[in-house]
Amino acid sequence: GIGGGEDPTTEVYLPKPSAEAFPQLLDFIYHDTLNLTTDNAPALRHLSKHFSVQTLLDKVATFVKRDLTVKTGPAYCVNSDAVQDKDLLDASLRLCAENVDRVKVEDLPPKLMSDLVTSPHLRVPPERLSERVGRYIRVREGQIGDEQFYWLTQSRVLPAISPSEALFYLSFGQRRFPAVLHEGGELSLKRRCLNALACGWRDRLVDPVAGSVAERDSRGAAGGAGAPGSPRREGAAESERYRNLPVEMKVELLELALLQAKNEGEGGVGSRSPPRSPGGGSLQSSGSASAAGYGGGSTVTGGSAMSRMRAGSTSSHNGGSRYN
């Protein structure tokens with residue numbers, strides 16, 4: 001500095017959103033102007049706490065209590081996580097978990113989606129949750145890695161799979177993350193999907209199999225090519241997913257479905273008793289969550305070192321406190 005004095009400047013390290021909101025902090029301090037939005041409220045809350053600007057903190061708190069809704073919940077999750085505001089993140093995740101059927105979860109990045117589906121405040125049947133997770137994976141497919149796929153579909157999160165999503169999970173898992181699909185023994189995602197399809201064979205398996213057979217026959221009649229210009233059948237995607245499954249998986253699926261049909265025939269139409277496996281063991285129906293650990297922890301049996309590591313891991317946001 002001048003005259004050999006110390007440099008009067010001070011360096012302050014801030015998360016990027018807080019740094020971008022810094023001019024608004026100065027406007028509030030020097031000009032008493034403030035324009036709060038869903039996007040900047042978490043950053044200004046972070047700045048007001050960091051620099052002890054109590055009047056700004058109070059204004060932000062009042063705004064957030066009014067603005068944090070089902071519609072804005074995902075944005076608050078993302079923005080509060082970006083400034084490492086755990087209290088606001090927990091409150092936002094809790095609101096999303098308690099209203100998961102009304103929240104646009106596709107707006108959450110995979111890390112926060114994993115935190116959401118492992119929240120203790122989640123109140124939704126596992127089969128319904130499997131439908132939400134399936135749609136999320138379709139939208140965010142390019143951002144889903146094997147770890148994210150595991151956390152979103154582990155048996156403690158999805159002890160039961162909706163029959164309407166089971167072929168998607170089998171197809172996607174086999175194509176992208178076969179190790180995750182198969183690991184876990186009787187609690188594996190593969191087993192849960194096969195059980196779901198076997199128990200829902202009338203509504204969710206017969207048509208895809210029939211469509212796959214029809215497509216195969218039409219290709220054979222056309223010399224290996226499908227009929228040109230033919231309209232896409234309803235349910236063609238499900239038929240394609242079934243057709244592309246490994247032969248061994250198709251055989252296992254059809255065996256379970258036949259056994260389930262036999263059980264229903266013996267017990268009357270509409271019976272949903274668990275099918276018996278080819279080896280004689282009873283297989284858990286997709287409609288029962290208790291055997292897969294719903295409402296409690298479950299143990300991943302056997303498997304790789306990755307399985308053992310995952311079994312001992314916990315989500316980074318497994319609590320949730322009300323924002324105040």
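Let me start with how helix H11 passes helix H15: the crossing is right-handed. This is a predicted model, so please keep that in mind for everything that follows. H11 covers residues 189-199 and H15 covers residues 247-267. Their axes come within 8 Å and cross at roughly 45°. The two helices are therefore oblique to each other.

Which residues make this contact? On the H11 side they are Lys 190, Arg 191, Leu 194, Asn 195, Leu 197, Ala 198 and Cys 199. On the H15 side they are Met 249, Glu 252, Leu 253, Leu 256, Ala 257, Gln 260 and Glu 264. Sorted by class, the contact holds eight nonpolar, two polar and four charged residues.

Next, a second pair of helices, H4 and H5. Here the axes are 8 Å apart, and the packing angle is about 155°. Since an angle over 145 degrees counts as roughly antiparallel, that is the term for H4 relative to H5. The crossing of H4 past H5 is left-handed. H4 contributes Gly 73, Pro 74, Tyr 76, Cys 77, Ser 80 and Asp 81 to the contact. H5 contributes Leu 88, Leu 89, Ser 92, Leu 93, Leu 95 and Cys 96. By class, the residues of this contact are eight nonpolar, three polar and one charged.

H4 and H5 also come up when we turn to helix H6, residues 110-117. Is H6 largely enclosed or largely open? It is largely enclosed by the rest of the structure, because seven of its eight residues are buried. Those seven are Pro 110, Leu 112, Met 113, Ser 114, Asp 115, Leu 116 and Val 117. The list includes Ser 114 and Asp 115 alongside residues such as Leu 112 and Val 117. What covers them includes H4 (73-82) and H5 (86-98), together with H7 (126-139) and H8 (146-153).

Two of the buried H6 residues, Met 113 and Leu 116, appear again in the largest nonpolar core. That core has 70 residues. Those with the most contacts inside it are Met 113, Leu 116, Val 133, Phe 149 and Tyr 169. As background, nonpolar side chains in soluble globular proteins tend to be buried together.

What does Tyr 169 touch, if we leave out residues up to four places away in sequence? Its partners are Ser 130, Val 133, Gly 134, Ile 137, Phe 149, Thr 153, Leu 158, Ile 161, Gln 174, Leu 181, Leu 189 and Cys 193. Val 133 and Phe 149 are among these partners, and both are also listed with the most contacts inside the core.

Now to the earlier part of the chain. Val 64 lies in helix H3, residues 54-67. With a relative accessibility of 1%, Val 64 counts as buried. Its C-alpha atom is 7.2 Å from that of Ala 41, although the two residues are 23 apart along the chain.

Last, two loop residues with positive phi. Asp 32 sits in the loop between helix H1 (16-31) and helix H2 (41-50). Its phi is about 55°, and it is not a glycine. Ser 52, in the loop between H2 and H3, has a phi near 55°, again a positive value in a residue other than glycine.

Are these two buried or exposed? Asp 32 counts as exposed, at 57% relative accessibility. Ser 52 is exposed as well, with a relative accessible area of 65%.

Definitions and conventions. Residues are numbered from 1 along each chain as its sequence is written. This is a predicted model: local features need pLDDT of at least 70, side-chain atom pairs count only at pLDDT 80 or more; totals for chains, interfaces and linings use all residues. Side-chain values use heavy atoms; hydrogens and water are left out. Buried means under 20% relative accessible area, exposed over 50%, partly exposed in between (1.4 Å probe, protein chains only). Helices (H or I, at least four residues) and strands (E, at least two) are DSSP runs, numbered from the N terminus. Contact means heavy atoms within 4.5 Å. Axes are lines fitted to C-alpha atoms, for helices over the stretch in contact, and angles run from 0 to 180 degrees between N-to-C directions. Angles under 35 degrees count as roughly parallel, over 145 as roughly antiparallel, 65 to 115 as roughly perpendicular and the rest as oblique. A crossing is left-handed if the near helix is turned anticlockwise from the far one by less than a right angle, and right-handed if clockwise. Ala, Val, Leu, Ile, Met, Phe, Trp, Tyr, Cys and Pro count as nonpolar, Asp, Glu, Lys and Arg as charged, and the others, Gly among them, as polar. A nonpolar core is a set of buried Ala, Val, Leu, Ile, Met, Phe, Trp, Tyr and Cys residues joined through side-chain atoms within 4.5 Å.
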